[in-house]
Amino acid sequence: MSKFLEEALILEQREVAQQTYRLRLRAGRMAEAACAGQFFMLQVREGMDPLLRRPFSFHRIHPGEGNIEVLYRVVGRGTWWLSRCAPQTRLNLLGPLGNGFQLPRNAGSPVAIVAGGIGIAPLCELIHRLLASRGTLEARDIHLFYGARSAGELLPESDLEDLGISVYRGTDDGSLGYDGFVTDLFRKTAEEKHIKPSVLYACGPLAMQYHVARWALEHRVPSQLSLESLMACGIGACLGCALPASAPAGSTADHYVHVCKDGPIFGAESIQWHKIQTHGAPPPIFLYS
């Protein structure tokens, strides 16, 4: 189904972690059409300030109820305005946009998921899709590695642990769980517990994704990384979300992909990570700003 505009109605807005809000919207067409990993552009308010729409992933999709959920962190003017919106406020959405996560071909094989900060947002819907279509895959074979800067930024334990999956938490400042980066937690745990996933999913800052991609390539594990970049239009017109990509076979010309139009889901081998590092990686900008 192609993208479309839809007027959505705020049903509920609740702060679930430090400066992090969960928004529940009535958006029947969007809920029917969207899949895990896709995103939409949201017009925060009418007028020139803020001028541009903001991209958000689908945190949860409830097609039977005609509702979607959005998880976002207040990091700028747009998200601050959004956090002030009360129930019954109407918002204009453009979507669904981008590709989505593909479920594993072998439903019985374990999967690993790495989430950095607000990067947990699209992965929650993915986890529910995995649980709903897992075949012989046991919930405990879904390994989620979830990190943030501090304990206050993590979602409540009940949001994830109640699903029955294996959850490993960590914080950069050591205030909860593993003391260090989530990528170190993932690498260390995978080695100690001999976790060899059939597919690796991840979402978070580019700096985190760089290390996840390296692990996937070194261990020859297929990966699906939801990448974040500056994004103004969401439909491939502004070219603001270009990343250096692997060139097609036989080509020596520079090649780029656009996170909005070609992604946001990419395999680790699709991106030339060394070029991002060499030429100054975009700072760990959150897509959901």
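The buried residues of helix H3 make a good way in: they are Ile120, Ala121, Pro122, Leu123, Cys124, Glu125, Leu126, Ile127, Leu130 and Leu131. With ten of its 13 residues buried, H3 is largely enclosed by the rest of the structure. Keep in mind that this is a predicted model. Below are some notes on the helices, then on the unusual backbone spots, then on a few single residues.

**Helix H3 and a loop residue that touches it**

- H3 covers residues 120–132, and at 1.5 Å a residue its 13 residues should span 18 Å. The C-alpha atoms at its two ends sit 19 Å apart, which agrees.
- Leu155 is in contact with two residues named above, Ile120 and Cys124. Setting aside neighbours within four places in sequence, Leu155 also contacts Val16, Arg22, Leu71, Tyr146 and Arg169.
- You'll find Leu155 in the loop between strand S9 (142–148) and helix H4.
- Is Leu155 buried or exposed? Its relative accessibility is 4%, so Leu155 counts as buried, the cut-off being under 20%.
- For a sense of distance, Leu155 and Gly66 are 89 residues apart in sequence, and their C-alpha atoms are 24 Å apart in space.

**Helices H5 and H6**

- H5 (residues 182–192) and H6 (residues 206–218) pack as a pair whose axes come within 9 Å and cross at roughly 20°. That makes H5 roughly parallel to H6, as angles under 35 degrees count that way.
- The crossing of H5 past H6 is right-handed.
- Which residues make the contact? From H5 come Val182, Thr183, Phe186, Arg187 and Ala190, while H6 brings Met208, His211, Val212 and Trp215.
- Sorted by class, the contact of H5 with H6 has six nonpolar residues, two polar ones and one charged one.
- H6 has 13 residues and reaches 18 Å from first C-alpha to last, close to the 18 Å expected at 1.5 Å a residue.
- Buried in H6 are Leu206, Met208, Gln209, Tyr210, Val212, Ala213, Trp215 and Ala216. Among these, Met208, Val212 and Trp215 also belong to the contact with H5.
- As background on spacing, an α-helix has 3.6 residues a turn, so residues three or four places apart point the same way.

**Positive phi outside glycine**

- Arg220 follows H6 and has a positive phi of about 55° although it is not a glycine.
- Arg220 is found in the loop between H6 and strand S13 (223–226). With 76% relative accessibility, Arg220 counts as exposed, since the cut-off is over 50%.
- Gln88 is another non-glycine residue with a positive phi, this one near 85°.
- Gln88 lies in the loop between helix H2 (77–83) and strand S7. Its relative accessible area is 53%, so Gln88 is exposed.

**Cis peptide bonds**

- Gly95 and Pro96 are joined by a cis peptide bond, with omega about -15°. Pro96 is found in strand S7, which covers residues 90–97.
- Gly263 and Pro264 are also joined by a cis peptide bond, with omega about 10°. Pro264 has its place in the loop between helix H7 (259–262) and strand S16 (265–266).

**Two more residues to look up**

- His62 lies in strand S5 (residues 60–62). At 14% relative accessibility, His62 counts as buried.
- What does His62 touch? Not counting residues up to four places away in sequence, His62 touches Arg24, Ala31, Asn67 and Glu69.
- Gly164 lies in the loop between helix H4 (158–161) and strand S10 (166–171). Its relative accessible area is 21%, so Gly164 is partly exposed.
- Leaving aside neighbours within four places in sequence, Gly164 is in contact with Ala139 and Arg140.
- Gly164 and Ser270 are 106 residues apart along the chain, and 33 Å separates their C-alpha atoms.

Key
Residues are numbered from 1 along each chain as its sequence is written. This is a predicted model: local features need pLDDT of at least 70, side-chain atom pairs count only at pLDDT 80 or more; totals for chains, interfaces and linings use all residues. Side-chain values use heavy atoms; hydrogens and water are left out. Helices (H or I, at least four residues) and strands (E, at least two) are DSSP runs, numbered from the N terminus. The expected span of a helix is 1.5 Å times one less than its number of residues. Buried means under 20% relative accessible area, exposed over 50%, partly exposed in between (1.4 Å probe, protein chains only). Axes are lines fitted to C-alpha atoms, for helices over the stretch in contact, and angles run from 0 to 180 degrees between N-to-C directions. Angles under 35 degrees count as roughly parallel, over 145 as roughly antiparallel, 65 to 115 as roughly perpendicular and the rest as oblique. A crossing is left-handed if the near helix is turned anticlockwise from the far one by less than a right angle, and right-handed if clockwise. Contact means heavy atoms within 4.5 Å. Ala, Val, Leu, Ile, Met, Phe, Trp, Tyr, Cys and Pro count as nonpolar, Asp, Glu, Lys and Arg as charged, and the others, Gly among them, as polar.
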